[in-house]
Amino acid sequence: MTPQRIQYFIALVFFILGGWAALFPQHVIDTVFLPEYRSGGRILPFMMACFGAQALLAGLFAAFARFTATTFLVYGIALLPFFGFNYYFTFHDPVFTRMGLIDALGNIIMLALCYAGWRQSKTAEQIEKQGN
């Protein structure tokens with residue numbers, strides 16, 4: 001798989017989860033938040049839709065930027081704190097239902113893709129250096 005195709009799969013995670021949050025914010029709230037955190041008037045669906053819009057924007061960057069081996073590496077490292085976030089708000093101080101771990105699943109997928117992209121890009125960069 002080429003690094004560019006790997007980028008598209010990273011973007012796909014953003015498009016799926018971000019699109020869900022942007023287009024169906026109340027469904028996301030009802031699915032991933034514990035009942036005591038589902039109320040908040042109109043602000044909670046608004047904020048969830050904003051969160052989804054930001055994820056869609058991140059997906060556009062992932063799809064259309066030129067990733068290097070360093071980009072994949074740094075992006076993968078940047079994902080790591082999100083696993084702590086998912087753990088903390090699912091198990092330690094629960095705000096999310098177990099379905100909220102769909103975010104962690106998306107992060108696992110992106111982390112694996114970052115590793116694959118890093119390896120593929122590293123190989124391509126070494127071949128390019130040898131050619132010069």
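At 53% relative accessibility, Glu128 counts as exposed, where exposed means over 50% relative accessible area, buried means under 20%, and partly exposed is anything in between (1.4 Å probe, protein chains only). The model is a predicted one, so to speak of local features takes a pLDDT of at least 70 and to count side-chain atom pairs takes pLDDT 80 or more, while totals for chains, interfaces and linings use all residues. Residues are numbered from 1 along each chain as its sequence is written, and side-chain values use heavy atoms, with hydrogens and water left out.

Back to Glu128: its place is in helix H5. Glu128 and Ile43 are 85 residues apart in sequence, and their C-alpha atoms are 51 Å apart in space. For scale, the C-alpha atoms of the protein chain fill a box of roughly 60 × 30 × 20 Å along the principal axes.

The fold itself is quickly told. The protein chain has five helices and zero strands, with helices (H or I, at least four residues) and strands (E, at least two) taken as DSSP runs and numbered from the N terminus. Read along the sequence, that gives the pattern α-α-α-α-α. Of the 132 residues in the protein chain, 33% are buried.

A few residues show how burial plays out along the helices. Helix H2 holds Pro25 and also Gln26. Pro25 counts as buried because its relative accessibility is 16%, whereas Gln26 is partly exposed because its relative accessible area is 35%. From Pro25 to Val95 the C-alpha distance is 16 Å, with their positions 70 residues apart in sequence. Gln26 and Leu44 sit 18 residues apart in sequence and 8.3 Å apart in space, C-alpha to C-alpha. Over in helix H4 is Gly76, which counts as buried because its relative accessibility comes to 6%. Gly76 pairs up with Ile108 at a C-alpha to C-alpha distance of 9.7 Å, the two being 32 residues apart in sequence.

On the outside, there is a nonpolar surface patch of about 920 Å², made by Met1, Phe9, Leu12, Phe15, Ile16, Leu57, Leu60, Phe61 and Phe64. Helix H1 (3-23) and helix H3 (43-64) are the elements that give two or more residues to this nonpolar patch. Patches are built from residues with over 30% relative accessible area and no salt bridge, joining like charges within 9 Å and nonpolar side chains (Val, Leu, Ile, Met, Phe, Trp, Tyr) within 5 Å. A salt bridge here is a side-chain nitrogen of Lys or Arg within 4 Å of a carboxyl oxygen of Asp or Glu. The areas come from the Shrake-Rupley method with a 1.4 Å probe, and for residues only the protein chains shown count as cover. One of the patch members, Phe9, lies in helix H1 and counts as partly exposed because its relative accessibility is 37%.

Now for the pockets. A pocket is an open set of points on a 1 Å grid over the protein atoms alone, where a 1.4 Å probe fits, with protein on both sides within 12 Å along at least five of seven lines; lining residues have an atom within 4 Å of a point. Points are joined across faces, edges and corners, and a volume is the space filled by probe spheres set on them. The largest pocket holds about 720 Å³ of space. Its lining takes in 29 residues, with Phe51, Ala55, Phe82, Phe85 and Asp103 nearest the centre. Two or more lining residues come from each of H1, helix H2 (25-32), H3, helix H4 (69-92) and helix H5 (102-131), and H3 gives the most, with seven. By type, the lining of the largest pocket splits into 22 nonpolar, six polar and one charged, counting Ala, Val, Leu, Ile, Met, Phe, Trp, Tyr, Cys and Pro as nonpolar, Asp, Glu, Lys and Arg as charged, and the others, Gly among them, as polar.

The second largest pocket has about 220 Å³ of space. Lining the second largest pocket are Pro3, Gln4, Gln7, Arg66, Phe67, Thr68, Ser121, Ala124, Glu125 and Glu128. H1 and H5 are the elements that give two or more residues to this lining, and the largest share, four residues, comes from H5. The lining of the second largest pocket divides into three nonpolar, four polar and three charged residues.
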